[in-house]
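Reader: I should like to discuss the following structure by means of a few questions. Please show it first.

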Amino acid sequence: IAVIDGGELAWAGGYGILDVGDNRPVTTATLFQACSISKPVSAMAALALVEQGKLDLDEDVNQKLVSWQVPENEFTRDKKVTLRRLLTHTAGLTVSGFRGYASDEQVPTLHQILDGTPPANSVPIRVDAVPGTQWRYSGGGFMVLQQLLIDVTGKPFPEIMQDLVLQKLVLEQSTYQQPLPADLRAGAACAHDETGARVHGDWFTYPEMAAGGLWTTPSDLARLAIEIQKSNAGASNRVLSVEMTDQMLADQMEDFPAEMVSQRYSREIRNQGLGFRLEGQPVRRSARFSHHGGNMGYRCFIVAYSDLGQGAVVMTNSDNGAEFIQEIVRSIAQEYGWVDYSLD
């Protein structure tokens, strides 16, 4: 757990064990899979490239994709897949999430994932709805983003993330390297399934790095959230300018027809920023950005207030962690007097 208060990392604590087999304790330095919280961090790198003039939020991504392109079809005839639509889950792309790969399974290349060819265990990532006409959570969209950033920079994705985000924020316990390097394995929390058993091979590998491949700690994610808060206030620009942070935290769904939000997610979606989910009301100073995450054997959550310098990150190494996380965050909200945070 890491708690943000007064615009600073107020405290962090490790609880429980790394591995049900030998009872090694979790510490504040323990690495967890960030799961889908990887997405808004990846979004920050993309927005940094927008500021450098290497990407455009509203340009057809096929204008910059080189080694692979989004296949055109009847859905893309008039409206195109853009970076803004990738970051807001409105690009019309398939594949909600990814299973990952067990330690004894062959790991596919990025192109194999994009095209759904063996040994990829997911279907092809394709446009099956007119871009910009519905909100539908798409991990597949972030795989297109991963390829886009690689093609634009000419660098491996973990290096891109290190250069554009992690190093600039001195997040020394964070990496997008998949599989996890051998020298970091001893400090990582092993994944556990819903029965409480350790996952075979300790955890799954996620070559879907932009969507779910970040290894990190609650403290490092809290530091990232604090940077966003400071940038939003015009007090820091280590990754993004205040203007770009304003865009990142602006509701991209204001003019989006409510009936076009996928029925499956209609209760989940409130407002959508460029990477983060948005909740609360700026007029009450309760505006906040958040994201859940879930990989095989891990559940995690980040939430932070845009203007109040408060927030929290909780990461667990259990498939049963989601409800536990919400109980912890509700308790933190009550203790620290968070504005308008639901305690239901």
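Author: Contact here means heavy atoms within 4.5 Å. The model under discussion is predicted.

Reader: Which residues does Leu145 touch, not counting residues up to four places away in sequence?

Author: Leu145 belongs to helix 4, residues 139-153. It is buried, because its relative accessible area is 0%, and buried means under 20%. One of its partners, Leu83, is 62 residues apart from Leu145 in sequence, yet the two C-alpha atoms are 7.5 Å apart in space. Leaving aside residues up to four places away in sequence, Leu145 touches Ser42, Ala46, Leu83, Leu86 and Leu87.

Reader: Within what arc do the buried residues of helix 5 fall, seen down its axis?

Author: In helix 5, residues 157-166, the buried residues are Phe157, Ile160, Met161, Leu164, Val165 and Leu166. They line one face of the helix, because their directions, viewed down the axis of helix 5, fall within an arc of 150°. The cover over these buried residues includes helix 1 (38-51), helix 4, helix 6 (209-212) and helix 7 (218-232). The value asked for is thus an arc of 150°.

Reader: Which strands are the edge strands of the open sheet of 7 strands?

Author: The sheet has the strand order 2-1-9-8-7-6-5, with antiparallel pairing. The edge strands each pair on one side only, and they are strand 2 (8-12) and strand 5 (271-272).

Reader: What angle does the direction of helix 9 make with that of strand 8?

Author: Helix 9, residues 321-336, packs on the sheet and touches strand 1, strand 2, strand 7 (288-295), strand 8 (298-305) and strand 9 (311-316). The direction of helix 9 makes with that of strand 8 an angle of about 25°.

Reader: Which residue stands opposite Ala2 in strand 2?

Author: Strand 1 (residues 2-5) pairs with strand 2 in the antiparallel sense, over 4 bridges. In strand 2, the residue opposite Ala2 is Ala12.

Reader: Is Asp319, which meets Arg299 in a salt bridge, buried or exposed?

Author: The side chains of Asp319 and Arg299 meet at 3.0 Å, N to O. The pair links distant parts of the chain, 20 residues apart: Asp319 lies in the loop between strand 9 and helix 9, and Arg299 in strand 8. Arg299 has a relative accessible area of 22% and is therefore partly exposed. Since the limit for burial is under 20%, Asp319, at 18% relative accessibility, counts as buried.

Conventions:
Residues are numbered from 1 along each chain as its sequence is written. This is a predicted model: local features need pLDDT of at least 70, side-chain atom pairs count only at pLDDT 80 or more; totals for chains, interfaces and linings use all residues. Side-chain values use heavy atoms; hydrogens and water are left out. Helices (H or I, at least four residues) and strands (E, at least two) are DSSP runs, numbered from the N terminus. Buried means under 20% relative accessible area, exposed over 50%, partly exposed in between (1.4 Å probe, protein chains only). Two strands pair if DSSP finds at least two bridges between them. Axes are lines fitted to C-alpha atoms, for helices over the stretch in contact, and angles run from 0 to 180 degrees between N-to-C directions. The arc is that of the directions from the helix axis to the C-beta atoms. A salt bridge is a side-chain nitrogen of Lys or Arg within 4 Å of a carboxyl oxygen of Asp or Glu.
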